[in-house]
Amino acid sequence: MELILIKIIFILFFLILFVSNTNGQINNKPILRFKKDKTFKIVQFTDMHYGSSSQQDIDTEEMQENVLEIEKPDFVMFSGDMICGNYPLFSLDSRVYDHYWEKFTRPLVKRNIPWAITMGNHDAQGLLTASDLVLKDQQFQLSLSQLGPNGTHGSSNYYLNVFSSDYNETTSENPLSERDKYISSLIYIFDSDTKQCNKLDWGCIHDDQVDWFKSVSKSNNRKNSVSFIHIPPIEVIDLWNHHDDVFGSFDEKSCCFNNKKSRFVKALLENNDVKGLYFGHDHRNDFHGDYHGMDMGYGRKSGAGSYSSEKPLGARVIELTENPFTLNTWIRETNGNKIIQNKPHKKHHYAYACTLKDKYSTSEIILIILLSVTLFVVFSSIVLLSYFIYKKKFKKDTKLSKSNDNVLNSEGANIGNNNNNNNNNDNNNNNNNNNNNN
C-alpha cells in the first residue's frame, strides 16, 4: 500500500513539473533559442484587423505569407488588434472567433513558427473577453501566450525565455532543473487593454504591471530583453521631438497613453535591461529611435482592415544577437522590399499630449453614413405612415361625426315637424269643438 502511494505521489509530482508554467516558459510547447549563428529573429505583426472584409483579409494573409517566406523568423509577436472585435459579426456568434483565429495563425502553422499575442483595444470588444481570447490562442500547439499574473491590471502580462544557442533540452547535459542558467534573453509582453487610464478609452500600463516587471527583471538578473505592447506610451512623442537618432515617419498624432501615475518607460530605462520596446495602434506611424539607450517605436501596420496606413502592408523585423547582445531592426513590406528606414529630412514637432479621437476607415465611414441614412429613412417612413393613418382616421371620424350630426338634425327637424303637425291638429280640433258649441 505504501509503495502504491509513493508511486502516485511521484506521478503527480512529475505531471505538475511537466505541465506547469516555469520561469516564463510553457512546458510541452516550443522552446525559443538563439540559433547556432547566435541570432534570434522576431517578426512583429500589428493591427491586422481581420474581419473587416473578405478582400482585405485576403490581402492581409498574403502579406503574412510573403513576409514569413522571406524572413523565416524564429518567433512572431502579434502586438494587438488581430481582429475587428468591435464589428457586429463578433457580437453574434463566438464561432466567428475560431474562423479568424485559424485564418491569421495559418501562415505560421504551415511553417511551424511559434508565436504569442498581446491584447489590442479592439480584440475583446465582442462576445469574448481578453482572457477568453488568450485561452483560445493557447489551444494551438505553437502558441506561447499566457494569462496572468492574478491581481494585476490586464489579462496577459507575461514573459518568455529565449535560451542560449548552447541549450539543448533533449540531452542529459541540460536537465530541466538546471536550464535557467541557459536563459540568454527575455521577451516581456504587457497587456495595455486596461481601464481607469485618465479617460483614455483604449488602455494603458498601470503601476502594478510595472511592479510585476521590476520583480521579474530582478529575479532574472536583468537579462537583456525586448518588450511589446499595443498602445504607445506618451514618451514616443518626446522621442520624435527631441532625439536625433529617429528613423521612419510620424504621419498622424499619437493616440498614446499618459497615465501620470505610471512609471512604465521610466522603469524600463532604470532597469537598463529592455533594449527594445515596440507597439502599434497608430496605423500611419512607423518610426523608431534611440530613447536614452533603448530602441523604441512602432511596427508597420500589417493588415488591410480598418483605416489605412497609406503605406504598403508589412511588419517590423527585430534581429537579436547574443554574446555580445545587439539589436537590429528593419521593415519588410508585402512586396518583398526591405526598408532600412532613414532619418526624416524635416521633423514637424507635435504637442506633448495624447490625442483623443475616434478613427474610422473609409469603408467604416461609408457604413456609418449608410446606416444613418437607412435609420433616417425608416424613422421618416414611420412618422409619415403614422401621420397618414392618423389623418385618414381623423377624416373618417370627422365625416362620421358630420353624418351623425345630419342624422340628428334631420331627426330633430322631423320631430319638430311632427310637433307642429300635432299642434295644428290640436288647434283644428279645438276650432271644431268651438264651432260645435256655437
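**Entry 1: the chain as a whole**

I began with the contacts, and found that residues 24 or more positions apart account for 73% of those in the chain with a separation of 6 or more. I note at once that I am reading a predicted model. I then looked up burial, and of the 438 residues of the chain 47% count as buried. For the surface I have about 22,900 Å² exposed by the chain, with 54% of it supplied by carbon and sulfur atoms. The secondary structure, as I tallied it, comes to eight helices and 15 strands.

**Entry 2: the disulfides**

I turned to the cysteines next, keeping in mind that a disulfide is a covalent bond between the sulfur atoms of two cysteines. How many disulfides does the structure hold? I found two, and when the bonded cysteines are counted along the chain their pattern is 1-2, 3-4.

I took the pair Cys197 and Cys204 to begin with, where the sulfur atoms are 2.2 Å apart and form a disulfide. The torsion about this S-S bond is about -75°, so I recorded the disulfide of Cys197 and Cys204 as left-handed. I also checked whether these two residues are buried or exposed: Cys197 has 2% relative accessibility and therefore counts as buried, and Cys204 is buried as well, with a relative accessible area of 0%. The cut-off I applied for buried is under 20% relative accessible area.

I then went to Cys256 and Cys354, which form a disulfide with their sulfur atoms 2.1 Å apart. Here the torsion about the S-S bond is about -110°, so the disulfide of Cys256 and Cys354 is left-handed. Locating the two ends, I found Cys256 in the loop between β9 (246–247) and α7 (264–271) and Cys354 in the loop between β15 (338–339) and α8 (362–437), so the pair ties together parts that are 98 residues apart in sequence. Both Cys256 and Cys354 are buried.

**Entry 3: two further cysteines**

Why is Cys255 not bonded to Cys256, the residue with the closest cysteine sulfur? I looked up the distance and found that the sulfur of Cys255 is 7.7 Å from that of Cys256, which is too far for a bond; the cut-off for a disulfide is 2.5 Å. Cys255 counts as buried because its relative accessibility is 1%. I also looked at Cys84, which is buried with a relative accessible area of 1%.

**Entry 4: an open sheet**

I traced an open sheet of six strands, whose order is β5-β4-β3-β13-β14-β15 and whose pairing is mixed. Which strands stand at the edges? They are β5 (115–117) and β15, each with a single partner strand, so one side of each is left without a neighbour in the sheet. Following β5 inward, I found that strand β4 (residues 75–78) pairs with β5 in the parallel sense over three bridges. I also looked up the bridge partner of Phe78 in β5, and wrote down Ile117.

**Entry 5: a nonpolar patch**

Last, I went back to the surface, where Ile369, Val373, Phe376 and Val377 form a nonpolar patch with about 390 Å² of accessible area together. Of these residues I looked more carefully at Phe376, which is found in helix α8. Phe376 has a relative accessible area of 56% and so is exposed, the cut-off for exposed being over 50%. I add that α8 (362–437) is also the helix that bounds the loop holding Cys354.

Notes. Residues numbered from 1 in each chain as written. Predicted model: local features only at pLDDT ≥ 70, side-chain atom pairs only at ≥ 80, totals over all residues. Heavy atoms only, no water. Buried < 20%, exposed > 50% of the residue type's maximum accessible area, 1.4 Å probe, protein only. Helix = DSSP H or I, 4+ residues; strand = E, 2+ residues; numbered from the N terminus. Contact = heavy atoms within 4.5 Å. Areas by Shrake-Rupley, 256 points an atom, 1.4 Å probe, with all protein chains shown as cover. Patch = residues over 30% accessible without salt bridge, like charges linked within 9 Å, V, L, I, M, F, W, Y side chains within 5 Å. Salt bridge = Lys/Arg side-chain N within 4 Å of Asp/Glu carboxyl O. Pairing = 2+ DSSP bridges.
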